Amino acid sequence: MTEENVDCPTGRPSTAGEGLREHEVRTALLDLLAEVGAVTATEAAVRLGYSSGLCSFHLRQLARHGHIEEAPHRGGRARPWRLRRPAAESDPSTEGFGDLARGLEDESWQHWLDQREQAPAEWRHDEAFSAVAYLTPEEMSRMAAVIRGALAPYQDRDHRPLARPEDARPVALITRLFPLLPHPADDAHEG
């Protein structure tokens, strides 16, 4: 089997990005990374039921096409990967990634709602909230930095499973800060 056959098992064009064809293993890897944050090929193989060699190959393909990147780690042979973090949301080359990430977030949320009753009793709640605040662009950036700072003490647990409390589980933490723009209907009523 050639790399081209592996890249395009179904002959369908990709929805993941230019030059990278849709593939069951890559889709599973992207879903897993969205769920847990970072994984090595070996960890992905255990979670997904594929060989570590197959996961390693597809992780490298995803990295080569800019969908994932190496996650920071403390040496050793383990090579953890994470979803690529765009440098700037306004960069046109990252627009597809933002759509992919938001789609995975929405899908994960819907899966939670559909499967909540199957979770252990202590995990059947969530902490969803929203707020509107009047901020300047600089204040919005500072708010994002504060949220990232609050999460920082917990992010090392991705790479250090022994640092996780026994009852810890992966939890999706999704924050979207964006300006609320007027709706066209609102503008029509003001004139």
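This is a short dialogue about reading the features of a predicted protein model.

Reader: Where do I start? How many helices and strands are there in the protein?

Author: Start with the parts list. Here there are seven helices and three strands. Then read their order along the sequence, which goes α-α-β-α-α-β-β-α-α-α.

Reader: Okay, and what share of the residues is buried?

Author: Of the 191 residues in the protein, 20% are buried. You can look at the outside too: the protein exposes about 14000 Å², and carbon and sulfur atoms supply 53% of that area.

Reader: What about contacts between residues that sit far apart in sequence? How much do they account for?

Author: Take the contacts with a separation of 6 or more. Residues 24 or more positions apart account for 47% of them.

Reader: Can you show me some pairs like that?

Author: Sure, let's try Pro170. You'll find Pro170 in the loop between H6 and helix H7 (184-190). Its partner Gly37 is 133 residues away in sequence, yet the two are 8.5 Å apart in space, C-alpha to C-alpha. Leaving out residues up to four places away in sequence, Pro170 touches Glu35 and Val36.

Reader: And is Pro170 buried or exposed, or something in between?

Author: In between. Pro170 has a relative accessible area of 48%, so it counts as partly exposed.

Reader: Which residue should I look at next?

Author: Go to Trp109, which lies in helix H5. Trp109 and Ala172 are 63 residues apart in sequence, with 8.6 Å between their C-alpha atoms. Setting aside residues up to four places away in sequence, Trp109 touches Asp126 and Ala128. Its relative accessible area is 39%, so Trp109 is partly exposed.

Reader: What does Ala63 touch, if I skip residues up to four places away in sequence?

Author: Ala63 touches Ile68 and Trp81. Ala63 lies in helix H4, and its C-alpha atom is 8.6 Å from that of Trp81, a residue 18 places along the chain from Ala63. With a relative accessible area of 24%, Ala63 is partly exposed.

Reader: Now helices. How do I describe two that pack together?

Author: Two packed helices are described by the angle between their axes and the distance between the axes. Here, look at helix H3 (residues 41-48) and helix H4 (residues 52-64): they pack at an angle of about 120°, with axes 8 Å apart. The crossing of H3 past H4 is right-handed.

Reader: Which residues of H3 and H4 meet?

Author: From H3 come Ala41, Thr42, Ala44 and Ala45, and they meet Ser52, Cys55, Ser56 and Leu59 in H4.

Reader: How about charges? How many salt bridges does the count come to?

Author: For a salt bridge, check that a side-chain nitrogen of Lys or Arg is within 4 Å of a carboxyl oxygen of Asp or Glu. By this rule the count comes to three. One of them joins the side chains of Glu35 and Arg47, at 3.0 Å from N to O. This pair links distant parts of the chain, with Glu35 in helix H2 (residues 24-36) and Arg47 in helix H3, 12 residues apart. Glu35 is partly exposed at 42% relative accessibility, and Arg47 is partly exposed at 46%.

Reader: And which residue does Glu69 form a salt bridge with?

Author: Glu69 pairs with Arg82, and their closest N and O atoms are 2.8 Å apart. Again distant parts of the chain are linked: Glu69 is in strand E2 (residues 68-70) and Arg82 in strand E3 (residues 81-83), 13 residues apart.

Reader: Why does Arg82 count as buried?

Author: Buried means under 20% relative accessible area. Arg82 is at 18%, so it counts as buried, while Glu69, at 21%, counts as partly exposed.

Reader: What about Arg79? Which residue is in its salt bridge?

Author: That is Glu70, with 3.3 Å between the closest N and O atoms. Arg79 is partly exposed at 39% relative accessible area, and Glu70 is partly exposed at 37%.

Reader: Last one: which residues make the nonpolar surface patch of about 570 Å²?

Author: Val132, Tyr134, Phe178 and Leu180 make this patch. Pick out Tyr134, in the loop between helix H5 (95-115) and helix H6 (137-155). At 82% relative accessibility, Tyr134 counts as exposed, because the cut-off for exposed is over 50%.

Terms used. Residues numbered from 1 in each chain as written. Predicted model: local features only at pLDDT ≥ 70, side-chain atom pairs only at ≥ 80, totals over all residues. Heavy atoms only, no water. Helix = DSSP H or I, 4+ residues; strand = E, 2+ residues; numbered from the N terminus. Buried < 20%, exposed > 50% of the residue type's maximum accessible area, 1.4 Å probe, protein only. Contact = heavy atoms within 4.5 Å. Areas by Shrake-Rupley, 256 points an atom, 1.4 Å probe, with all protein chains shown as cover. Patch = residues over 30% accessible without salt bridge, like charges linked within 9 Å, V, L, I, M, F, W, Y side chains within 5 Å. Axes fitted to C-alpha atoms, helices over the stretch in contact; angles between N-to-C directions. Left-handed = near helix turned anticlockwise from the far one by under 90°.
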